[in-house]
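Biologist: I am new to this structure and would like a close look at a single part of it. Please take one residue and its surroundings, and then place them in the chain.

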Amino acid sequence: LLSSADNQDMLQRCLQALAGWCKFGISLSTLKTLPFYASVKELTRSPTLCKGACELFAAAIKTTSYPAESDDTLMEVVDDLVALQPLYMEAQAQRNDDFCEGLAMLSRALMARSSKFIASGRGQTLQLSHFCLEMVAHPNKGISEIAMEYWDELDFVDMSARCEPMRGPIYQALLEVLATRCAPYPAGFVDWDSCEEEEEEFHMFRRRIEEALLNCCVCLRAESLAILC
């Protein structure tokens, strides 16, 4: 049905159902054996169905498999995700937040499932992390926060288990993004009474940015001053 359906609503319902079934044992390895796997991969490129396809992949990645997924299985998803960066940039320019949110959720799921593998620098894992820097800078606060959770997961990986760029250099880049591209005041801001954005929501997000900045500063120590000043 998934590979033959041409109705957008039907396809979306199929993706949602499959994502729900993942909790009953559809892991990433299992998903790859199913006849419609190629169709699901192709839907990650769809402006309207990317989010549903990414939710399915994220649910499959979260499902434990025995034996555990090999690094090569995860690497295929990393490669596919990195290849979607040009489409992400187009979607952001077109304010297609669903597309961007789907990729952010899938990136977060990969890091949560195998943070040591992502931090190793193998294959295109470093490119994925740089892609996630762009996601942190997304003007939609919800998407930005999802991307920040990617970096929260990295904190659990000991520095000795990371490749060199995923130690200091990546935090330098993240610090710059957080300090210069996140949580600016709304365009044309005068006061909160005349602003469409909620003041409390804005300041809550600012506090989230502050927490992430503090974490970068802890990792970089004195180096952070040179960037911030």
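Which residues does Arg181 touch, not counting residues up to four places away in sequence?

Modeller: This is a predicted model, and what follows is computed from it. Arg181 touches Glu134, Ala137 and Glu176, once residues up to four places away in sequence are set aside. With one of these, Glu134, the contact is polar: the side chains of Arg181 and Glu134 meet at 3.2 Å. Arg181 itself belongs to helix α11, which covers residues 168–181. Its relative accessible area is 41%, so Arg181 counts as partly exposed, a class that lies between the 20% limit for buried and the 50% limit for exposed.

From here the view can move to His138. In sequence, Arg181 and His138 are 43 residues apart, yet their C-alpha atoms lie 8.5 Å from each other in space. His138 sits in the loop that links α9 (125–136) to α10 (141–154). His138 has a relative accessibility of 4% and therefore counts as buried, the cut-off being under 20%.

The surroundings of His138 can be listed in the same way. Apart from neighbours within four places in sequence, His138 is in contact with Tyr88, Gln92, Asp97, Cys100, Ile143 and Ser144. Among them, Ile143 and Ser144 fall within the residue range of α10 (141–154). There is also a link to the backbone: a polar atom of the His138 side chain lies 2.9 Å from the backbone nitrogen of Asn140.

Now for the chain as a whole. The chain has 13 helices and zero strands, so every element from the N terminus on is an α. Of its 229 residues, 46% count as buried. Contacts between residues at least 6 apart in sequence can be sorted by separation, and 71% of them join residues at least 24 apart.

As for overall dimensions, the C-alpha trace spans about 55 × 50 × 30 Å along its principal axes. The radius of gyration is 19 Å, which agrees with the value near 17 Å that a compact globule of 229 residues would have.

The surface and the charges complete the description. The chain exposes about 11900 Å², with carbon and sulfur atoms supplying 52% of that area. It carries 20 positive and 34 negative charges, and the mean positions of the two sets are 6 Å apart. Arg181 counts as positive and Glu134 as negative, and these two residues form the side-chain polar contact at 3.2 Å described at the start.

Terms used: Residues are numbered from 1 along each chain as its sequence is written. This is a predicted model: local features need pLDDT of at least 70, side-chain atom pairs count only at pLDDT 80 or more; totals for chains, interfaces and linings use all residues. Side-chain values use heavy atoms; hydrogens and water are left out. Helices (H or I, at least four residues) and strands (E, at least two) are DSSP runs, numbered from the N terminus. The radius of gyration is taken over C-alpha atoms; the globule rule is 2.2 Å times the number of residues to the power 0.38. Buried means under 20% relative accessible area, exposed over 50%, partly exposed in between (1.4 Å probe, protein chains only). Contact means heavy atoms within 4.5 Å. Accessible areas come from the Shrake-Rupley method with a 1.4 Å probe; for residues, only the protein chains shown count as cover. The place of a charge is taken as NZ of Lys, CZ of Arg, CG of Asp or CD of Glu. A polar contact is a pair of N or O atoms within 3.5 Å; within protein, one must be able to donate a hydrogen and the other to accept it, and residues adjacent in sequence count only if both atoms are side-chain atoms.
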